There are 2 protein chains.
Amino acid sequence: MKIELLFSPVQADELFFTGKTTVVIDVLRASSTIIEALSNGAKEVVPVGTVEFAVKVSGGIFGGQTLLGGERNTKKIEGFALGNSPSEYTREIISGKAIVFYSTNGSRAIVKAKYSSNLFVCSFNNLSAVANHLTKLNEDVIILCSGNNNFMSLEDSVCAGMLVNKLVDIDKNLALTDSSIGAMTLFKSFGKNIPKFLSETDHGKILIENGFESDLKDCAELDSTEVIPYYSDNTIKVL
Amino acid sequence: MKIELLFSPVQADELFFTGKTTVVIDVLRASSTIIEALSNGAKEVVPVGTVEFAVKVSGGIFGGQTLLGGERNTKKIEGFALGNSPSEYTREIISGKAIVFYSTNGSRAIVKAKYSSNLFVCSFNNLSAVANHLTKLNEDVIILCSGNNNFMSLEDSVCAGMLVNKLVDIDKNLALTDSSIGAMTLFKSFGKNIPKFLSETDHGKILIENGFESDLKDCAELDSTEVIPYYSDNTIKVL
């Protein structure tokens, strides 16, 4: 079992993912929000690569049971029902609904990896559940960090590194690469106090400036759920 | 003064570098080889983005004073006079000559950053000289790791992180980003024994398998020269 890791989706093209087992991470905030939505009874999340496509999809096949959610550069999108704060995705609002979801980095990363044979969404919230499932699967894994507009983001790298570390804890014989070793090393340096660490990242600081400080706390919660979002046929459902 | 860092050239397009001060790092082996060539009296190094262009350029404007050098996927290229081992670039062979140079990652990274207003080449061999020069310049800096076929490479990241660390040592008030903090953290973990560390990287292992173990020693030498390769008008000369 080999663990490869990308710090940004721009490092590979769509066909790279064909037949692979891929884990997409966007700690702030798409992964955390998708996990929260599915934990609270959303029927499915439909990740899209552009805002225009989100509007098109939501007006069509899904009828009245669809909500538009997400953000563009931290801000809620005009005409969208929901932003990208996990706390907005309460059971009252989203239970039984399909969420068409766009975000600057996370949803686009998922769409890029759509040809994967297995595609999971991971954050700190469900990290151990994902690690245990990957161990059971026993396939080579690509960890795809969503990053920040083609740049590496520390929060995704550290979460990815924690996942690598957990997989290594379970199986000492994993084959690692420069990238997965690098991420694991970053986790060992920064992973001791996740809420504090998140508040010091480039993206964390921007979220705090924009009034989303409480989102950081939600996104930092370790193993708060066993829900593993699984992408198949253009939609994400609970595995 | 702000330090941004890319783990792979694929993270930015050519225009991103316009007007920027950029430092290209390809520890194994292009940076180290270019530094060695210029230290040993090469007139200039002409980095090219394709092998075809190398052949075209060398047959044309430079007449008999030109040597073709470089590698593709670790191996010397058919018809090229020199490979990508620093030790091949001796004073006897290259003094006074122009070297048209292609390598899988390094020369392409340099060509990608060609619109930079300042473009330097750095490896462990000239790290302190580059750090001191950047401090004098006092401009924002982009550190561009050549990486490994769009992937992050630990050797470039750690060398980049050592450069960041040295710049921070000189000026505590530098503005860092997630990427530059990440690289500096990797340096602090891996930078204690550079020769040993290089031999354990993905690329280091491939070089050893292909009989280039002694190159690792050359590439690991810290501050063996003050030569700073500087790119301008399509060629690299000593600053």
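**Exercise 1. The largest pocket**

Which residues line the largest pocket? Work out where the lining comes from and what classes it holds.

*Solution.*
Step 1. This is a predicted model. List the lining: E71(B), N73(B), T74(B), T104(B), N105(B), N148(B), N149(B), D202(B), H203(B), K205(B), I206(B) and E209(B).
Step 2. Find the main contributor. Helix α9 (residues 202-209) of chain B gives five residues, the largest share of the lining.
Step 3. Sort by class. Seven lining residues are polar, four are charged and one is nonpolar.
Step 4. Add the volume. The largest pocket holds about 270 Å³ of space.

**Exercise 2. Confidence and the interface**

State the confidence scores, then describe the contact between the two chains.

*Solution.*
Step 1. Start with chain A. Its average pLDDT is 95, and 97% of the residues score at least 70.
Step 2. Turn to the complex. The predictor assigns an ipTM of 0.94 and a pTM of 0.95.
Step 3. Count the residues in the contact. Chain A supplies 26 residues and chain B supplies 26 residues.
Step 4. Give the area. About 2000 Å² is buried between chain B and chain A, 60% of it on carbon and sulfur atoms.
Step 5. Pick out the chain B residues that lose the most area to chain A. They are Q11(B), F151(B) and D178(B), together 34% of what that side buries.

**Exercise 3. A strand residue with a partner across the interface**

Is E4(A) buried or exposed? Place the residue and list its contacts.

*Solution.*
Step 1. Locate the residue. E4(A) sits in strand β1 (residues 2-6) of chain A.
Step 2. Apply the cut-off. E4(A) has a relative accessible area of 14%, so it counts as buried; buried means under 20%.
Step 3. Read the contacts, setting aside neighbours within four places in sequence. Within chain A, E4(A) touches V141(A), I142(A), I143(A), T177(A) and S179(A). From chain B, F151(B) is in contact with E4(A). F151(B) is also among the chain B residues that lose the most area to chain A.
Step 4. Compare sequence with space. E4(A) and A175(A) lie 171 residues apart in sequence, but their C-alpha atoms are 8.7 Å apart.

**Exercise 4. Two loop residues**

Place T90(A) and K20(B), and give the accessibility and contacts of each.

*Solution.*
Step 1. T90(A) belongs to the loop between β5 (75-76) and α3 (91-94) of chain A. Its relative accessibility is 25%, so T90(A) is partly exposed.
Step 2. Beyond four places in sequence, T90(A) contacts N40(A) and S95(A). From T90(A) to L38(A), 52 residues apart along the chain, the C-alpha separation is 10.0 Å.
Step 3. K20(B) belongs to the loop between β1 (2-6) and β2 of chain B. Its relative accessible area is 28%, so K20(B) is partly exposed.
Step 4. Beyond neighbours within four places, K20(B) contacts S116(B), S117(B), N118(B) and I142(B). K20(B) and A113(B) are 93 residues apart along the chain, with C-alpha atoms 8.9 Å apart.

**Exercise 5. Unusual backbone geometry**

Find the cis peptide bonds and the positive phi values given below, and place each one.

*Solution.*
Step 1. Recall the background. Most peptide bonds are trans, and most residues other than glycine have a negative phi.
Step 2. Check chain A. The bond from L28(A) to R29(A) is cis, with omega near 0°. R29(A) lies in the loop between β2 (21-25) and α1 (30-39) of chain A.
Step 3. Check chain B. L28(B) and R29(B) are joined by a cis peptide bond, with omega about 5°. R29(B) lies in the loop between β2 (21-25) and α1 (30-39) of chain B.
Step 4. Move to phi. N234(A) has a positive phi near 70°. N234(A) sits in the loop between β10 (229-232) and β11 (235-238) of chain A.
Step 5. N150(B) has a positive phi of about 75°. Its loop runs between β8 (141-145) and α6 (154-170) of chain B. N150(B) is partly exposed at 32% relative accessible area.

**Exercise 6. The buried face of a helix**

Which residues of helix α5 (residues 127-137) of chain B are buried? Say what they pack against and what follows the helix.

*Solution.*
Step 1. The buried residues are L127(B), S128(B), A129(B), V130(B), A131(B), H133(B) and L134(B).
Step 2. These buried residues pack against β2, β7 (118-122), β8 and α6 of chain B.
Step 3. Just after α5(B) comes N138(B), with a positive phi of about 60°.

Note on methods: Residues are numbered from 1 along each chain as its sequence is written. Chains are lettered from A and ligands numbered from 1 in the order in which they are written. This is a predicted model: local features need pLDDT of at least 70, side-chain atom pairs count only at pLDDT 80 or more; totals for chains, interfaces and linings use all residues. Side-chain values use heavy atoms; hydrogens and water are left out. On a 1 Å grid over the protein atoms alone, a cavity is a set of points where a 1.4 Å probe fits but cannot get out, and a pocket is an open set with protein on both sides within 12 Å along at least five of seven lines; lining residues have an atom within 4 Å of a point. Grid points are joined across faces, edges and corners, and a volume is the space filled by probe spheres set on the points. Helices (H or I, at least four residues) and strands (E, at least two) are DSSP runs, numbered from the N terminus. Ala, Val, Leu, Ile, Met, Phe, Trp, Tyr, Cys and Pro count as nonpolar, Asp, Glu, Lys and Arg as charged, and the others, Gly among them, as polar. pLDDT is the predictor's confidence in each residue, from 0 to 100. Buried means under 20% relative accessible area, exposed over 50%, partly exposed in between (1.4 Å probe, protein chains only). Contact means heavy atoms within 4.5 Å. Buried area is the accessible area (1.4 Å probe) that two parts lose on being put together, summed over both.
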